[in-house]
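Visitor: Before I work with this model, could you walk me through it?
Guide: Certainly; please have the sequence and the coordinates open.

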Amino acid sequence: MEIAFAASVYPTNVKRVIYEIRPHSSKLVTNKRRSFHNKFLCSVAVAPDRNRVSEVELENKKHNLLLAVQDTQRGLAATADQRSIIEEALVSVEGYNMGAPLDMAVLDGTWRLQYTSAPDVVVLLEAAARLPFFQVGQIYQKFECRDQLRGGVIRNVVRWSIPNLLEEQEGATLVVSAKFDVVSVRNIYLQFEEIKVQDINISEQLQALIAPALLPRSFLSLQCFENRIRGISKNMNAQR
């Protein structure tokens, strides 16, 4: 906390505290004993912690940004006015601590998409909105760079599904991986590595359809099959 002293001027934006102070130096008493019996006042202006104020302002800016992206369907339904408001909110958040290098320990982790204006992602959202046989679930960006200094690995993870064939929203996972290098405080360079589909989960309807062909046979069927094998074996022995 910063403390500033003032004699007669009181800032209007800080909390003022008045203290009564008496000197206690014995050396000074011998020279001017009489003056120390007089009391005097000084004002103490207690200014708020700048770092704490900055953190509060940043949280408010983040909150305003999240409010701005609500009801936009991750950017799919955003109007021109909404995109303008969101862009201003983004610039406001990005202005905090501008120029500082990327903190890899903070960046490391999985981030869920709330809003985007990237055409390649908006196309997926549009396809899911128009096509009844295609669904897009959650979309993530996963950064793996905790112990790195200038880069790491980034994975775009898209959960998608085909109704009645795969589980809703998370029937399968598309993963696009790339290496990234930090070019500047605002830019990274991507080098594509691979794309793959994983974690395929078929729907209950499809399971019910294909289960009879994959499940083990009944006891009666297995017994008939076993008797048939024995009959074939006996015929082969008789021929010998």
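Guide: What follows is a conversation about the fold, the strand pairing and the side-chain contacts of this model.

Visitor: What kind of model is it?
Guide: It is a predicted model, and the values discussed here are computed from it.

Visitor: How many helices and strands are there in the chain?
Guide: The chain contains seven helices and eight strands.

Visitor: And what share of the residues counts as buried?
Guide: Of the 240 residues, 21% are classed as buried. The accessible surface of the chain is about 18,500 Å², and carbon and sulfur atoms account for 55% of that area.

Visitor: What about contacts between residues far apart in sequence?
Guide: If one takes the contacts between residues at least 6 apart in sequence, 58% of them join residues at least 24 apart.

Visitor: Let us turn to the strands. How does S6 run relative to S7, parallel or antiparallel?
Guide: Strand S6, residues 151–161, and strand S7, residues 172–182, are antiparallel and are joined by ten bridges. As one example of the register, arginine 159 has threonine 173 of S7 as its bridge partner.

Visitor: Which residue in S8 stands opposite threonine 173?
Guide: That residue is glutamine 198. S7 pairs with strand S8, residues 188–198, through ten bridges, again in the antiparallel sense. Serine 177 has its bridge partner in S8 as well, namely glutamate 194.

Visitor: How many residues lie between S7 and S8 in their hairpin?
Guide: Five residues separate the two strands of that hairpin.

Visitor: Changing topic: how many salt bridges does the structure hold?
Guide: There are six salt bridges. One of them links glutamate 170 to arginine 159, with 3.4 Å between the closest N and O atoms.

Visitor: Where do those two residues lie?
Guide: Arginine 159 belongs to strand S6, whereas glutamate 170 sits in the loop between S6 and S7, so this salt bridge ties together parts that are eleven residues apart in sequence. Both are partly exposed: the relative accessibility is 38% for glutamate 170 and 23% for arginine 159. Arginine 159 is also the residue whose bridge partner in S7 is threonine 173.

Visitor: Which residue meets arginine 155 in a salt bridge?
Guide: The partner is glutamate 144, at an N to O distance of 3.0 Å. Glutamate 144 is in strand S5, residues 135–144, and arginine 155 is in strand S6, so the pair connects parts eleven residues apart in sequence. Glutamate 144 is partly exposed at 29% relative accessible area, and arginine 155 is partly exposed at 24%.

Visitor: Any salt bridge in a helix?
Guide: Glutamate 59 and lysine 62 form one, their closest N and O atoms being 3.8 Å apart. These residues are three apart in helix H2, residues 50–69, and are therefore separated by about one helical turn. Glutamate 59 has a relative accessible area of 48%, which makes it partly exposed. Lysine 62 is likewise classed as partly exposed, at 37%.

Visitor: Why can such side chains pair at all?
Guide: Side chains of opposite charge can pair when their charged atoms come close.

Visitor: Now the aromatic residues. How many aromatic pairs does the structure hold?
Guide: It holds two aromatic pairs. Phenylalanine 134 and tryptophan 160 make up a tilted pair, with 6.3 Å centre to centre and 35 degrees between the planes. Phenylalanine 134 lies in the loop between helix H5 (119–130) and S5, and tryptophan 160 lies in strand S6, so the pair ties together parts that are 26 residues apart in sequence.

Visitor: Are phenylalanine 134 and tryptophan 160 buried or exposed?
Guide: Phenylalanine 134 and tryptophan 160 are both buried. The other pair, phenylalanine 143 and phenylalanine 180, is edge-to-face: the centres are 5.6 Å apart and the planes form an angle of 85 degrees.

Visitor: Which strands hold phenylalanine 143 and phenylalanine 180?
Guide: Phenylalanine 143 is in strand S5 and phenylalanine 180 is in strand S7, so the pair links parts that are 37 residues apart in sequence. Both phenylalanine 143 and phenylalanine 180 are buried.

How values were computed:
Residues are numbered from 1 along each chain as its sequence is written. This is a predicted model: local features need pLDDT of at least 70, side-chain atom pairs count only at pLDDT 80 or more; totals for chains, interfaces and linings use all residues. Side-chain values use heavy atoms; hydrogens and water are left out. Two strands pair if DSSP finds at least two bridges between them. Helices (H or I, at least four residues) and strands (E, at least two) are DSSP runs, numbered from the N terminus. Buried means under 20% relative accessible area, exposed over 50%, partly exposed in between (1.4 Å probe, protein chains only). Contact means heavy atoms within 4.5 Å. Accessible areas come from the Shrake-Rupley method with a 1.4 Å probe; for residues, only the protein chains shown count as cover. A salt bridge is a side-chain nitrogen of Lys or Arg within 4 Å of a carboxyl oxygen of Asp or Glu. Rings of Phe, Tyr and Trp (its six-membered ring) pair if their centres lie within 6.5 Å; planes under 30 degrees apart count as stacked, over 60 as edge-to-face and the rest as tilted.
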